[in-house]
Amino acid sequence: MTGWLLLIALVALTAIGLWRLGRVPPAAVELLGAAALIAVAGYVWQGSPALPGKPTSPAGSTSAPADRALLAAIVAGRVDNREAVLSAADRMIASGATQEAATAIQATLDRHPGDPDLWVGLGNALVAHNNGVVAPAARLAFAHAATLAPGHPGPAFFAGLAYAQSGQVEAARREWRRLLARTPPGAPWREDLEQKLRSLDAR
């Protein structure tokens with residue numbers, strides 16, 4: 001009931017303010033009242049003034065104390081092992097804390113800028129944070145990883161995977177075909193790569 005009273009009072013104050021302070025001509029007073037009634041009707045139709053408020057957490061963040069403590073340790077450099085940081089980032093992404101994952105990897109990259117695996121991890125975290133879209137920052141991360149380790153399959157493989165998951169089939173196919181062309185016949189990832197390319201061709 002309080003919500004309705006506040007709504008009615010707010011509409012009335014707004015109308016009076018526009019009429020008095022805004023110097024609305026008398027002929028427009030009826031239009032002003034009609035507009036206010038339409039606004040109230042729209043709120044009644046779409047809103048729920050009788051329900052209590054329910055604050056929500058920001059997207060891409062986590063409220064888990066363990067994750068916050070781990071992120072603080074990574075940023076401070078107390079956790080500086082590449083595998084540990086990437087594993088922690090994967091867990092953060094899985095829980096929806098994509099921004100924390102990117103922050104953790106970026107903090108580690110500040111100390112180890114020449115690590116291609118961290119750059120690949122940053123690209124993956126940025127794609128996850130951008131709801132699966134391969135934004136320019138993620139593309140740059142994958143490209144920089146490929147520059148640091150031109151013979152490593154990881155940058156091209158995960159870049160192609162990110163493109164495929166975001167629906168950019170041609171970009172994924174381009175990355176994976178280039179990787180396949182330089183993959184030795186007995187490489188352990190070749191069969192998986194060929195299967196993924198067949199799946200793209202089927203799409």
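Begin by selecting Phe-158, which is partly exposed, with a relative accessible area of 32%. The model you have open is a predicted one.

**Stop 1: the aromatic rings**

Keep Phe-158 on screen and add Phe-157. A pair of aromatic rings is described by the distance of the centres and the angle of the planes. Over the whole structure, a search gives 2 aromatic pairs. Phe-157 and Phe-158 make an edge-to-face pair, with 5.5 Å from centre to centre and 90° between the planes. Phe-157 has a relative accessible area of 15%, so it counts as buried, the limit being under 20%.

Now select Trp-176. Its ring forms a tilted pair with Phe-157, at 6.1 Å centre to centre and 35° between the planes. This pair links distant parts of the chain: Phe-157 is in helix α8 (residues 154-165) and Trp-176 is in helix α9 (residues 169-181), 19 residues apart. Is Trp-176 buried or exposed? Trp-176 is buried, as is Phe-157. Show the three residues together: ring pairs join Phe-157, Phe-158 and Trp-176 into a cluster.

**Stop 2: a salt bridge in α9**

Stay in helix α9 and select Glu-170 and Arg-173. They form a salt bridge, and their closest N and O atoms are 2.5 Å apart. The two residues are 3 apart in the helix, which means a separation of about one helical turn. Glu-170 is exposed, at 54% relative accessibility, while Arg-173 is buried, at 10%.

**Stop 3: around Arg-82**

Side chains of opposite charge can pair when their charged atoms come close. The count of salt bridges in this model comes to 9. Select Arg-82 and Asp-115, whose side chains meet in a salt bridge at 3.7 Å, N to O. Asp-115 lies in the loop between α5 and α6 and Arg-82 in helix α4, so the pair ties together parts 33 residues apart in sequence. Asp-115 is buried at 15% relative accessibility, whereas Arg-82 is partly exposed at 28%.

Add Asp-117. Asp-117 also forms a salt bridge with Arg-82, the closest N and O atoms being 2.9 Å apart. Here Asp-117 in helix α6 is linked to Arg-82 in helix α4, 35 residues away. Asp-117 is partly exposed, with a relative accessible area of 22%. Add Glu-83 to see a network of salt bridges that links Arg-82, Glu-83, Asp-115 and Asp-117.

**Stop 4: helix α6**

Look at the start of α6. A side-chain oxygen of Asp-115 comes to within 2.9 Å of the backbone nitrogen of Asp-117. Next, select the whole helix. At 1.5 Å a residue, its 14 residues should span 20 Å, and the end C-alpha atoms are 20 Å apart, which agrees. Among its buried residues are Leu-118, Trp-119, Val-120 and Leu-122. Which helices do the buried residues of α6 pack against? They pack against α4, α5, α7 (136-148) and α8. Just after α6, find Asn-131, which takes a positive phi of about 55°.

**Stop 5: helix α5**

Finish with α5, residues 98-111. The 14 residues of this helix should span 20 Å at 1.5 Å a residue; its end C-alpha atoms are 21 Å apart, which agrees. Its buried residues include Thr-98, Glu-100, Ile-105 and Leu-109. The elements that cover the buried residues of α5 include α3 (65-76), α4 (82-94) and α6 (116-129).

Methods: Residues numbered from 1 in each chain as written. Predicted model: local features only at pLDDT ≥ 70, side-chain atom pairs only at ≥ 80, totals over all residues. Heavy atoms only, no water. Helix = DSSP H or I, 4+ residues; strand = E, 2+ residues; numbered from the N terminus. Expected span 1.5 Å × (residues − 1). Buried < 20%, exposed > 50% of the residue type's maximum accessible area, 1.4 Å probe, protein only. Contact = heavy atoms within 4.5 Å. Phe/Tyr/Trp six-rings, centres within 6.5 Å; stacked < 30°, edge-to-face > 60°. Polar contact = N/O pair within 3.5 Å; in protein donor to acceptor, adjacent residues only side chain to side chain. Salt bridge = Lys/Arg side-chain N within 4 Å of Asp/Glu carboxyl O.
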